[in-house]
Amino acid sequence: MKAYSKYILFIALIFNQLFLHGQHQNKLTVELLDQEKKLEVRQTIVFQNTTTQPLTKLILNDWNHSYSDQKTPLGKRFSDEHYRAFHLAKYKDRGSTNNLSILSSTQQSLQWCRPENHPDLVEVNLSEHLLPGEQVTLHLLYYINIPNSKFTRYGYELDGSFNLKNWYLTPARVHDGAFVTYSNLNLDDIANAPFDVDFTLKTARSYRVTTDLNQINSEVDSISQILRFFGKSRTNFSLYIENRTTYASYKNKVTEVVTNLESGKADDIQKAIAVDKVVNYIDANLGTYPYEKITVSQVDYDRNPFYGLNQLPSFLNPFTHELLFELKFLKTYTNTFLQQTLSIDPRKDVWIFDAIQIYLMMNYIDTHYPDLKMMGNLSKFKILKSYHLIDLDFNEQYSYFYMLMARKNLDQAIGDSKETSLKFNEQISGKYRAGLSLKYLDNYLNDDLVLQSIKDFYEINQNKQADRVDFEQQLKQKASKDINWFFDIVIDSRDLIDYKFHEVQKTNDSITATIHNKTGAAVPVPIYGIKDKKIVFKEWIDGFSKDSTVTLARIDADRIVLNYENNVPEYNERNNWRSLSKVRFANKPYKFPFFQDLEDPHYNQILWVPILNYNLYDGFMPGIRFYNKTILNRPFTYDVNPVLSTKTKSLAGNINLMYMQNNRETKWYQTIYSVSASRFHYAPEAEYYRLNPMLIFRKRQEDFRDNKKEQLMIRYVMINRENTDPANLDPNENYQELSIFNVKYLNVKTEILSHFSFKGDLQLDKPYGRASIETDYRNLSTGNRQFNIRWFAGTFLYQTTDTDYYDFGISQVNDYLFDYNLYGRSETSGFFSQQYVGGDAGFKSLLDTRSANKWLTTLNTSYSIWNWIELYGDLGLVKNENIALEFIYESGIRLNLLTDYFEIYLPIHSSNGWEVGQSDYLTRMRFMFTLNPNTLVGLFTRKWF
């Protein structure tokens, strides 16, 4: 009976393979209309019902149509990620599918539509039920408008070449009896049903065509060429059409590789050796590539580069040209290989794809370049040896990229569906965490069980559409230990892993250590004995949720360390060390890196860097900055900045202490406790002291991709100001000591298409109390016209002083809290008085009425007239004590060079009258400018987070 069952199983597998991989045919006859940047497509689709239910409709993927307007899922995603170019693109630069007609095999016209919320899918109504196992033939005719490649790198290039992917209509994948309806979100995860493709392309004779299909025929005349290609059991194929070929072919016993990866000065022989090495490695460690040819393009690399590697400036040359090419080829080849061969859900099960890719890449480095450093040859310079960034092993960088998001409390479970991930998690952190997790499991199980499971899963995947259940089964069947924790905690949760030593007792022969689990994530952790930086023992401790005590042989160890080799993707390795010497502070030595470095868990780091500040009253202020904030966020940070005021010949500067508490399970995801102190001059020969304890609560939405953010700040500002010379400043200004209780609330949502914010501010002190609200709305039209409107309203709750020091400012903010970076805060004339801060009334013209001591409400508007040139207009009502209600207004031109960071205002007409043409017009102009690097970095990194 057993013998018969083997034959039955073998026959079933054969039929299963034929049924799943040969059921659909896709015949395409395409003509490139290069001048119009169009494709004329005639297509025949033979679709077989592989479900157990009759079908009345078919779903075709039409991802080219996702470029058709700004309101498609792709357009909305671009807006979410602050990508402006797509929203402002001309229609001719966007892709679309036009003039689509669909006929049955009997030439009957079939009705079709685009499903709601899925404009890049086509739903075809069949003329009759398609029973299980039956086939239906569709004849399609349509035109493809090819998009500009600047959006996703796929499309037409300005040099006349074309990079084409996901451009034709094809049946969507069927899973559990239903079509998978995924829209294009620029994630490279189209869910096509496997098909046999017969592709005929007509182009001008001058073009050179590269594809991963097999060419079976060609016809060439004096004007045009007709090329015919074929591919078996494909889910996709790439097509590159160039004026001159940039691709070279490398063939070995495994497959033929066609690539145009940039190689610097690496020659053809060096590239051939690198290609052969990588191809044979993947063949031996994963499985045989099932097709005769594979394309590895520069476009694919640019879309998914080797992050970290691609950030290094070329002038440093930390890697040889041949090694750099090899690493880029390794990344892109494994990516393309897996995309073409793994039949898993490309969106929901993407962690499997990512885990296998990064795991294989890490093993490749361990095998061929075990001593390679992240910064390559720079590690050979003795002057740089003290930097952990320079001395970091190449594979350790993956952990730091993951930890970058974990420390921000923005990491996500790698088992989540791909479209829910922040861009940084989707492209970098999540991928690296997946590979690290598989490497972690590999270190725990040993005996190459993980690698063998990957090979078996790949083999199974060649015969059927697989999913995570199949992958889990392969790992669990081979593991001799319980690994449910791997899937429940490491894959499907965002639980952090963090162990530390609680108590350690030692004798000459043994060590008894109590290990504390700070997060409750019960996963295994290794404990090491170290002597003179060498490992003398290693032992795995199975997971526990609170505390665990272990006794180990000492074997001459002078330190014990948890997770010494960083096998576990742990949140904080700084608390993993315990010295066995009598001197407790010898746990970790101190290091003083210059400028910036990665966090080094082996040392206590104090960073330092020279600084140079400036304001009008202190002059240039050279100094030195001491701080402990490395590239990764950490709970407690300090920043001490002593400087020398060159004008007053006195010490100045500031200090900031901050503790950041991440709340993992609530919307109020971060709480910050801080206290800062500063001492500078605010007027000639007059200094101020400021002490500011503060509490900040930050809130995000359950959907991490939602750009809506909220923040509540509660602080107590204490300021002591020196008396000033009455000849220079208002003699009535006699309040030198302030103790202000301040509450601020911010609710903001920013995208490319629109921005909306609401701010509330309450200030209470003995001499005054005031409250204000502010709303700001910004909209960008399809014609690159930006409209801004801001409303501000403020009132005094009480005021027991006659000074105007606390008044609401009209044209200049009364910065008595010393919140703004004003270069000449006490100036009433001259260049520095023209610095503009968009607070309070927000007027730009210096009106006769400078402030309001009762209440104030204003409306500020602006509108683009060309590019970054805008017209602005403001109006408001001002009420001062014992003065009639006053109406104020102004208009002018705004040069919006960088919104909120660098702007210039040119007044035209205001309550002062005509301002243009006045002899002192240059003094009426205003400017907004910031040199704060953190603010500017946030502007350019917001698309990632």
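Q: How much space lies in the second largest pocket?
A: This is a predicted model, in which local features need pLDDT of at least 70 and side-chain atom pairs 80 or more, while totals for chains, interfaces and linings use all residues. Residues are numbered from 1 along each chain, and side-chain values use heavy atoms, without hydrogens or water. A pocket is an open set of points on a 1 Å grid where a 1.4 Å probe fits, with protein on both sides within 12 Å along at least five of seven lines. The volume, the space filled by probe spheres set on the points, is about 1100 Å³.

Q: Which residues are closest to the centre of the second largest pocket?
A: Its lining (residues with an atom within 4 Å of a point) numbers 43 residues. By class, 17 are nonpolar, 8 polar and 18 charged, where Asp, Glu, Lys and Arg count as charged. Closest to the centre are D393, E396, Y564, E565 and H602.

Q: Is α10 parallel or oblique to α11?
A: The axes of α10 and α11 (residues 449-463) come within 8 Å and cross at roughly 125 degrees. Angles under 35 degrees count as roughly parallel, over 145 as roughly antiparallel and 65 to 115 as roughly perpendicular. The crossing angle therefore makes α10, relative to α11, oblique.

Q: Which residues of α11 does α10 meet?
A: The contact (heavy atoms within 4.5 Å) has 6 nonpolar residues, no polar and 1 charged. From α10, L438, L441, D442 and L445 meet L449, V450 and I454.

Key:
Axes fitted to C-alpha atoms, helices over the stretch in contact; angles between N-to-C directions. Helix = DSSP H or I, 4+ residues; strand = E, 2+ residues; numbered from the N terminus.
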